[in-house]
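Visitor: I would like a close look at one part of this protein, together with whatever packs around it. Could you pick a helix and walk me through its surroundings?

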Amino acid sequence: MAIRRKTSEEAGMAAVREVRALFASYDSEPSEAVPVPAELERAFAALPRSVRATFVRFTLEELATLAPGNSVEVRVPPLGVTQCVAGPRHTRGTPPSVVETSPVVWAALVLGECSWEQAVAAGVLDASGERSDLSTLLPLF
């Protein structure tokens, strides 16, 4: 079953280009201790909320399209949430696997600016459950 899109591809890709340009303007290499430098985090937070929200929601929709299902819930509070990855269906409560991170770390993961392992090691990504490792699906762009 295809997901229901709420973000147009045009608006989503415009937000992706804007966030990618922001990340490209910072040359620092991520480390396991700090996958997203503080100055980049501040610059990301300074982007208009509409850009950040569109980026997060569009990329979550892309993830759900790439890995349809509902056994993993990916949370990027306060901007978006999706369910993806085939597996046991749940109908109420918390799904069997949950991934949660901040919008800036999600952006770094989606764009390949930091790896899944770096984010987990730094403690900026919470992933629980047997299907919660999304490293084979990221980066998206």
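Guide: Happily; what follows starts at helix α4 and then moves outward to other parts of the chain. Please keep in mind that this is a predicted model.

Let's begin with α4 itself, which spans residues 103-111. How many of its residues are buried? Nine of the nine are, so α4 is largely enclosed by the rest of the structure. By name, the buried residues are Pro103, Val104, Val105, Trp106, Ala107, Ala108, Leu109, Val110 and Leu111. Just after the helix comes glycine 112, with a positive phi of about 80°.

Now for a partner of this helix. Two packed helices are described by the angle between their axes and the distance between the axes. For α1 (residues 9-24) and α4, the axes come within 11 Å and cross at roughly 95°. An angle of 65 to 115 degrees counts as roughly perpendicular, and that makes α1 roughly perpendicular to α4. Which residues make the contact? On the α1 side they are Val16, Val19, Arg20 and Phe23, and on the α4 side Val104, Ala107, Ala108 and Leu111. Sorted by class, this contact has seven nonpolar residues, no polar ones and one charged residue.

Helix α2 (residues 38-46) also belongs in this picture, since its buried residues pack against α1, α3 (49-66) and α4. Those buried residues are Leu40, Ala43 and Phe44. Looking down the axis of α2, you will find them within an arc of 100°, so they line one face of the helix. A reminder of the geometry helps here: an α-helix has 3.6 residues a turn, so residues three or four places apart point the same way. The face of α2 turned away from the buried side carries Arg42 and Ala46, which are exposed.

From α2 we can step across to α3, where an aromatic pair has one of its members. A search of the whole structure finds one such pair. The rings of phenylalanine 58 and phenylalanine 141 have centres 6.3 Å apart and planes at 20°, so the pair is stacked. Phenylalanine 58 sits in α3 and phenylalanine 141 in the segment after β4 (125-128), so the pair ties together parts that are 83 residues apart in sequence. The two rings belong to residues with unlike surroundings: phenylalanine 58 counts as buried at 1% relative accessibility, whereas phenylalanine 141 counts as partly exposed at 27%.

Leucine 66 is also in helix α3. Is leucine 66 buried or exposed? With a relative accessible area of 52%, this leucine is exposed. Apart from neighbours within four places in sequence, leucine 66 is in contact with Leu137 and Leu140. Its C-alpha atom lies 27 Å from that of leucine 47, with the two positions 19 residues apart in sequence terms. While we are here, the segment after β4 also holds proline 139, and the peptide bond leading from leucine 138 to proline 139 is cis, with omega near 5°.

Let's turn to the strands. Threonine 82 is part of strand β2 and is buried, with a relative accessible area of 14%. Leaving out residues up to four places away in sequence, threonine 82 touches Leu60, Ala64, Val72, Glu73 and Val74.

The loops on either side of β2 have backbone features worth a look. Most residues other than glycine have a negative phi, and most peptide bonds are trans. In the loop between β1 (72-76) and β2 we meet proline 78, and the peptide bond from proline 77 to proline 78 is cis, with omega near 0°. In the loop between β2 and β3 we find valine 85, which has a positive phi of about 70° although it is not a glycine. Valine 85 is buried, at a relative accessible area of 15%.

Our last stop is arginine 89, in the loop between β2 (80-84) and β3 (97-101). This arginine counts as exposed at 65% relative accessibility. The C-alpha atoms of arginine 89 and asparagine 70 are separated by 6.1 Å, while the two residues are 19 apart along the chain.

Methods
Residues numbered from 1 in each chain as written. Predicted model: local features only at pLDDT ≥ 70, side-chain atom pairs only at ≥ 80, totals over all residues. Heavy atoms only, no water. Axes fitted to C-alpha atoms, helices over the stretch in contact; angles between N-to-C directions. Helix = DSSP H or I, 4+ residues; strand = E, 2+ residues; numbered from the N terminus. Parallel < 35°, antiparallel > 145°, perpendicular 65-115°, else oblique. Contact = heavy atoms within 4.5 Å. Nonpolar A, V, L, I, M, F, W, Y, C, P; charged D, E, K, R; others polar. Buried < 20%, exposed > 50% of the residue type's maximum accessible area, 1.4 Å probe, protein only. Arc of directions from axis to C-beta. Phe/Tyr/Trp six-rings, centres within 6.5 Å; stacked < 30°, edge-to-face > 60°.
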